[in-house]
Amino acid sequence: MKFHTRKWVKPEDLNPNGSLFGGKLLSWIDEEAALYTCIQFNNQKVVTKFMTEINFISSAKQGDIIEIGIQVVKFGRTSINLRCEVRNKMTQETIIAIESIVLVNLDENGKPSPHGKTQVEYVADRLKKE
């Protein structure tokens, strides 16, 4: 799994218990999954369709640096299925794990559209082809 994004847990990210608010973390995960998918599909029009059970394993506190990891599970015709893990950067302790996040590629009318991808593609490789 590759960890692409780091976040610093700040006071505005905390719940009343003084730990990272789960909704804030899920927002960061959804954004990271969407950005990853936009880059893979070379299309900014994608939507989250499905997310499996969310397993909160440990918490993060103010001042912690967390990192969000994304891994492709498989490519569908119009979709991509991702796995996600968030961990504490310093301790490597897993904070949350999500086994499946499905995002869908959309056309200009907002309808599911085939993306033609079958494997992970890196922007650097795409630029070499052009």
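Let's start with the strands: β1 and β4 pair in the antiparallel sense, and six bridges hold that pairing in the listing. To find this pairing in the predicted model, look for W8, which stands opposite I65 in β4. From β4 you can step across to β5, since nine bridges join these two strands, again in an antiparallel run. One of the partnerships here is that of I70, whose bridge partner in β5 is C84. The turn is easy to trace as well: β4 and β5 form a hairpin, with three residues between them.

Now turn to the charged side chains. Side chains of opposite charge can pair when their charged atoms come close. How many salt bridges does a search of the whole structure find? The search finds six. Let's walk through some of them.

The hairpin strands are a good place to continue. E67 and R87 meet through their side chains in a salt bridge, with 2.5 Å from N to O. This pair links distant parts of the chain, with E67 in strand β4 (residues 65–75) and R87 in strand β5 (residues 79–88), 20 residues apart. Are these two residues buried or exposed? Both E67 and R87 are buried. They also belong to a wider arrangement, a network of salt bridges that links R6, E67, R87 and K89. R87 has a further neighbour to look at: its charged end sits over the ring of F3, 3.6 Å from the ring centre. As for rings meeting rings, the structure holds zero aromatic pairs.

Strand β5 takes part in another salt bridge, in which the side chains of E99 and R83 meet at 3.4 Å, N to O. Here the link runs between E99 in strand β6 (residues 94–105) and R83 in strand β5, 16 residues apart. Why does E99 count as partly exposed? Its relative accessibility is 46%, and partly exposed covers the range between the 20% limit for buried and the 50% limit for exposed. R83 is also partly exposed, with a relative accessible area of 21%.

A third salt bridge to visit involves the helix. The side chains of K24 and D13 meet at 3.7 Å, N to O. K24 lies in helix α1 (residues 22–41), while D13 is in the loop between β1 (2–8) and α1, so the pair ties together parts that are 11 residues apart in sequence. The two partners sit in contrasting surroundings: K24 counts as partly exposed because its relative accessibility is 29%, whereas D13, at 2%, counts as buried.

Next, pick out T48, which lies in strand β2 (residues 46–51). With a relative accessible area of 33%, T48 is partly exposed. Which residues does T48 touch, leaving aside those up to four places away in sequence? They are D30, I101, V102 and L103. With D30 there is a polar contact too, as the side chains of T48 and D30 are joined at 2.5 Å. For a sense of how T48 relates to another position, take I95: the two are 47 residues apart in sequence, and their C-alpha atoms are 21 Å apart in space.

E121 makes a useful comparison point. You will find E121 in the loop between β6 and α2 (123–129). Its relative accessible area is 14%, so E121 is buried. The residue lies 80 positions from F41 in sequence, and the C-alpha atoms of E121 and F41 are 8.8 Å apart in space. Setting aside residues up to four places away in sequence, E121 touches Q40, R126 and K129.

Finally, two loop residues deserve a look at their backbone. N42 has a positive phi of about 55° although it is not a glycine. N42 lies in the loop between α1 and β2, and with a relative accessible area of 55% it is exposed. Q92 is likewise not a glycine, and its phi is positive at about 70°. This residue sits in the loop between β5 and β6, where Q92 counts as partly exposed at 39% relative accessibility.

Note on methods: Residues numbered from 1 in each chain as written. Heavy atoms only, no water. Salt bridge = Lys/Arg side-chain N within 4 Å of Asp/Glu carboxyl O. Helix = DSSP H or I, 4+ residues; strand = E, 2+ residues; numbered from the N terminus. Buried < 20%, exposed > 50% of the residue type's maximum accessible area, 1.4 Å probe, protein only. Phe/Tyr/Trp six-rings, centres within 6.5 Å; stacked < 30°, edge-to-face > 60°. Lys NZ or Arg CZ within 6 Å of the ring centre and 35° of its normal. Pairing = 2+ DSSP bridges. Contact = heavy atoms within 4.5 Å. Polar contact = N/O pair within 3.5 Å; in protein donor to acceptor, adjacent residues only side chain to side chain.
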